[in-house]
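Here's a quick look at the strands in this one and how they line up. Have the viewer open as you read.

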Amino acid sequence: ATAGAIDVPEARLDAVRISTPPVIDGDVQGDPVWASVPAVSEFWQVQPDEGRPASERTDLRVAFTDTTLYVGVVLHDRDPKSIVVSDSRRDTPLDETDSFQMIFDTYRDRLNGFVFGTNPAGLEYDGQVTNEGQGGGGLGGGQSQQAGAGAGFNLNWDGAWEVRTAITDIGWTAEF
């Protein structure tokens, strides 16, 4: 363990094989495909209080077909009128807006992977993480666009994916 590190329990999420994909329109709660996929709702803060339980509930579901991975997320907010939406240009930093971000450890080495994120406006934010992001500006925002992955985070990496979001009376939702 590293000095100052906070032990956060790991949650397990099993992706569910589906035969019919969800409609990617931001409506997670109204899509019957998502109703058949179990959600994980136990999350911890990174900022402002690292290691503490999330202040609002988040329900995350992951499903797949033979060719596509789908992620549906419901981000609850006690006061949906207070949801912060800033910019919606691709790869705009997510530090001044409500956001949801995830890292896929596709190499299964806990060092390298790909980050995908969005905000309530449906911004597409993605990048490549190397060496646990060491040497870069971290995730979420404020990074300079690196010419390669040597700095730990390569914001110039752009994957082929889409996201749709919706602000609702209980918070906001996103479908990747």
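What follows covers the strand pairing, one sheet at a time.

This is a predicted model, in which local features need pLDDT of at least 70, side-chain atom pairs count only at pLDDT 80 or more, and totals for chains, interfaces and linings use all residues. Residues are numbered from 1 along each chain as its sequence is written, and side-chain values use heavy atoms, with hydrogens and water left out.

**The open sheet**
- Four strands (DSSP runs of E, at least two residues, numbered from the N terminus) make up an open sheet in the order S4-S5-S6-S7, and the pairing is antiparallel.
- Strands S4 (100-104) and S7 (153-154) sit at the edges, each pairing on one side only.
- Pairing here takes at least two bridges found by DSSP between two strands, and S6 (residues 125-129) has two bridges to S7, running antiparallel.
- If you want a spot to click on, Gln128 has Asn154 in S7 as its bridge partner.

**Around strand S9**
- S9 (residues 171-175) is largely enclosed by the rest of the structure, because five of its five residues are buried (under 20% relative accessible area, 1.4 Å probe, protein chains only).
- S3 (residues 69-76) pairs with S9 in the antiparallel sense over five bridges, and Gly72 has Glu175 in S9 as its bridge partner.
- S8 (residues 164-168) is also antiparallel to S9, over five bridges, with Ile167 opposite Trp172 in S9.
- Getting from S8 to S9 takes a hairpin of two residues.

Methods
Buried means under 20% relative accessible area, exposed over 50%, partly exposed in between (1.4 Å probe, protein chains only).
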